[in-house]
Amino acid sequence: MKKKWLVIMVVALFIVSLFVGCTENETSSDSKEKTENVATEEKAEEKTDEKADEPLRIFMSNAYYTAPYCAPLNEGVNIEAERLGYEIQIVDGEGSADKQLAQFKAAVAEGYDALIYFPADEASTPPVVDYLVSTGLPWVVLNTTVDPAVEELVPSTIASDFRDIGSNIAQMAVDYLPDGGNVVYIEGAAGSSYTMQLTESIYSTFEENNITILNDHQYSDWDPGKSMVMMEDFITKYGAENIDLVVCQDGGMWQGALAALDAAGLKGKVLGVAAGNDLIIKESIIDGSLLGTSIQDPFVEGGLGVSTLDKLIKGEEAPKWAVVPGGLCLIDDIEKHKWF
Amino acid sequence: MLKIQDIKGKYIANVLRSYGVLIALIIIIIITSIIETNFFTIGNFINIIRQVSIIGIVACGMTFVIISGAFDLSVGSIVSLSGVVAISTINNGGGEALAIIYALLIGVSVGFVNGILISLINGKMGEAFIITYGTQTVVAALALFASGGLFVAGRIKPGIYKSIGKGIVPIVIFIVIAIGMQFILTKTKFGRQMCFIGGNIEAAKMSGIRVVANRTAYFMISGLLAGFAGIVLTSRVISSNPAGGMGFELDAIAAVVVGGTSLLGGNGSIVKTVLGAIILGVMRNALNVLNITAYPQMMVTGVIIILSVSLDILNRKAKEKELANEKL
Amino acid sequence: MKSYSITNDINNKLVIFLKKRAVTVLLLAFIVFMVISKPSFYSWGNITNILTEMSVYGIVAFAMTVAIIGGEFDLSASSIFGWATVFFISITNTLGLIPAFFLTLISGILMGMVNGFLVSKVKLNAFVVTLATMTIIKGLTFFYTGGSPINTSNETLIAIGAFNVAGITLTPIIFVIALIVFILILAKTRFGRNIYATGGNYHVAKLTGINVDYYKFIIFVIVGFCSALAGILLCVRVQAGSALYGKDLALYAVTATVIGGTSLSGGNGGVAKTVIGLLVMSVLFNALTLLGVEGYFQQLIRGIVLIAVIIIDTVIKKKNK
């Protein structure tokens, strides 16, 4: 009998200690942050009037936390927050507005001072926006714009212009194929705002310039492996000689397409255009297999998110839409940008 | 006369039913070849089997686990993690041999954890489901940690690692693994014990089979092959993706069951699994070559899975009827 | 002497209770820990937040529990859920709220009927069938909207979503009603007992004259119906629909069921147990956020907890025997 009790106790202790360990970790890292914050605050003391002993805490719900694009974005958020003397927590919203709503409610109960909202998609933003407004805390929207119906309620949005990225890519293709031609086009994920808005502007630009997209919509779910398989099938179907250019929505997909082209001995013969700041894109631009990219720097985006929120916290004026700097990047501009 | 015709008819019906999946495959090939001339070429078939080989390798391991009466949801994450670790080992100058060893070790050790936990608590389907779902989550998180959440482009020089994914090498590897696994399954004591355990675990225990060790071994084989699939995948794509193997577990299970191995455990065959993997691969390629958009492609895939397993069921029913008739 | 034996007796009963309910004990221990370490955890706002968060998926988890008791399994719940959100919103925008409500439920039932037919009549394995219909329905949903998420500005729907009495919204109310209905059906009706019988031993149940195929069929209809209902409830909360919503629903529902203590081999368990499973998952989800644990670590810890819970539970139960 006593043994059994012991077992139960040990098990319970184990679980509790696991979580105590977690919190201890947190607090120890907190104290580290705090000391660093003290250092930065000392430097910036003249700028800030705040005398608070504890730094203000920012909470961010990122709907696509684990996506490769978000790794540098989260890092950008963390570093900028540390620089400005905030404590920050970022959680994974798992692509669900409902979960994000629950996370924000928990964060408000926990007493966070400011919020960053990285939406799952435009359509589901209204209830979350309504809630965020009702909290009375400073908050911003990051990466994806909200539904037009609630646009007015958002203090500030920090996002790239996805349609702009699309037309940048399309323009590169048009410059390369001035007399028109045939391209294959690999898209990200069905239902994603990024994918749909890029596609919209790419289709319309191509239509005006006599460029034909050979394939129908095909989604690689951002995965290089799937994109490689797709590219192999395109080569089979259309024949290498009939494909003038490969259009990809990001670096991961380009990586896959490149692997397929390489295996078929077409690397450098069939060229591509893509978007994003992945290392593979930089390398491909240098070795000539990629014409160029439309810049979308997640690190800068994350940092801009926190600095804009910082303005709101301090009661300064912040832009309604802070557009993340983008634009074309060809081989000459490569050293101007950061790559991941 | 009549009798011979009858027998002939029966024979044909029998062939049709036993190889229902094969016939579905042939129908798809014929239809696609007629519509699209670029489909029926040796180049494309090599292309398809090469594409299939990665999932196929995973599915071979999955077959063992399914025969033994469980399933393994963690294989997708193992593919991701082993790929991530292999590529970053190479990028950090650790050498190709070491990268391969690490990747395989990861597969085996995750498999070991799965197997030992499930077999020690004498777990059935339910426990296997939750535990491998748990390791799936944990291993996926580890892959994110290891890669910093990023795509990592591989700095792979021409060598062993690169050649694993080149040309027909993945196909050869796939075939060798499949033959080896089929041999283990049908010709060794280990294989027979697997069927016994899957069929009736309590009886297997009574008869003195070391159930815990055996079951752990099945999961280790499944993990090992998933680790190997991670190597083949990264060698082909020349990069790693922390979510690169996401969904592989369901694809592998689909290949196993479309082939005709029952999820109830107790029997099955690697040859069938290979066939199942190929049918799914051919179908995907055919739909791509026919330029069918992503959404209808999903629907058609689902319908074909249902049709091919229905053929299998019809076959089994007919066989049962024949057996009953013979007894009468 | 006597008093000793009484305490001993109580002790015994307590031990048996604790062992039978190992997961519950662990959950309570964790809740106590949270209450002590994070005062914000024990606020009315946070409690209702946890309840609301688990309600939408919880309804599907109840249906999944019934399916598992009946010896079956439904992966397509995710896709039916996604379909329901999209279909409900689009019909709300065209025909209005009430037709949308009924048509969505009917579509969910129809999808469940297809699953049920394939499993009970054609005798296909439920895992394969629902894996296939999962893909088919997902494709259909994408096809229906062209891939894009859609939303509505229907005033009534927004008003229903805003309905709130002391922090309690509509979803947890429906959740509790569903819980009571399922408990009553399973425990008090012949229908419920027959589902247990069908899942417990198919052939014996068949011999005793139970129309087992009917119960196998109806199980999937229940899952289809509840998935569609849950989809509607999500729409009430977020007023938007997308094929991508509910991706993790089926696995979530199965996990909650099994952690709660319903065995996947069928024939035993109950929806009240599933509530414990649901609580484990959503208290953990909430607590990890409150404790300041970040993305990758949350995933890691949730995986470890899942494994730990199922092992502790099985080990203790076995010792009990």
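Colleague: How many residues of chain C are in contact with chain A, and how many of chain A with chain C?

Modeller: This is a predicted model. In it, 50 residues of chain C contact 45 residues of chain A. Contact here means heavy atoms within 4.5 Å.

Colleague: What area is buried between chain C and chain A?

Modeller: About 4300 Å². Carbon and sulfur atoms give 65% of that. On the chain C side, Arg237(C), Thr289(C) and Glu294(C) lose the most area to chain A, together 12% of what that side buries.

Colleague: Why is the meeting of Lys99(A) and Asp248(C) called a salt bridge?

Modeller: Set the value against the cut-off. The N to O distance between the two side chains is 2.9 Å. The rule asks for a Lys or Arg side-chain nitrogen within 4 Å of an Asp or Glu carboxyl oxygen. The pair Lys99(A) and Asp248(C) is therefore a salt bridge. Across the interface of chain C and chain A the rule finds four salt bridges.

Colleague: How many residue pairs are in polar contact across the interface of chain C and chain A?

Modeller: The rule finds 15, with both residues at pLDDT 80 or more. As for elements, α14(C) gives the largest share of the chain C side, eight residues. By class, that side divides into 26 nonpolar, 17 polar and seven charged residues.

Colleague: What does the rule find in salt bridges and polar contacts between chain C and chain B?

Modeller: Zero salt bridges. One residue pair is in polar contact, both at pLDDT 80 or more. The chain C side that touches chain B has 26 nonpolar, ten polar and four charged residues. Here 40 residues of chain C contact 40 residues of chain B. The buried area is about 3600 Å², and carbon and sulfur atoms give 85% of it.

Colleague: Now the sheet in chain A. What is its strand order?

Modeller: The order is β7-β6-β8-β9-β10-β12 (chain A), an open sheet of six strands with mixed pairing.

Colleague: Why is one side of β7 and of β12 of chain A left without a neighbour in the sheet?

Modeller: Each stands at an edge with a single partner strand, so one side of each has no neighbour in the sheet.

Colleague: How do you know that β6(A) and β7(A) pair?

Modeller: Count the bridges. Pairing needs at least two. β6(A) and β7(A) have three, in the parallel sense. They therefore count as paired. Within β7(A), Ile213(A) is the bridge partner of Val183(A).

Colleague: Which strands does helix α7 of chain A touch?

Modeller: α7(A), residues 224-238, packs on the sheet and touches β6 and β8 of chain A. Its direction makes about 155 degrees with that of β6(A).

Conventions
Residues are numbered from 1 along each chain as its sequence is written. Chains are lettered from A and ligands numbered from 1 in the order in which they are written. This is a predicted model: local features need pLDDT of at least 70, side-chain atom pairs count only at pLDDT 80 or more; totals for chains, interfaces and linings use all residues. Side-chain values use heavy atoms; hydrogens and water are left out. Buried area is the accessible area (1.4 Å probe) that two parts lose on being put together, summed over both. A polar contact is a pair of N or O atoms within 3.5 Å; within protein, one must be able to donate a hydrogen and the other to accept it, and residues adjacent in sequence count only if both atoms are side-chain atoms. Helices (H or I, at least four residues) and strands (E, at least two) are DSSP runs, numbered from the N terminus. Ala, Val, Leu, Ile, Met, Phe, Trp, Tyr, Cys and Pro count as nonpolar, Asp, Glu, Lys and Arg as charged, and the others, Gly among them, as polar. Axes are lines fitted to C-alpha atoms, for helices over the stretch in contact, and angles run from 0 to 180 degrees between N-to-C directions.
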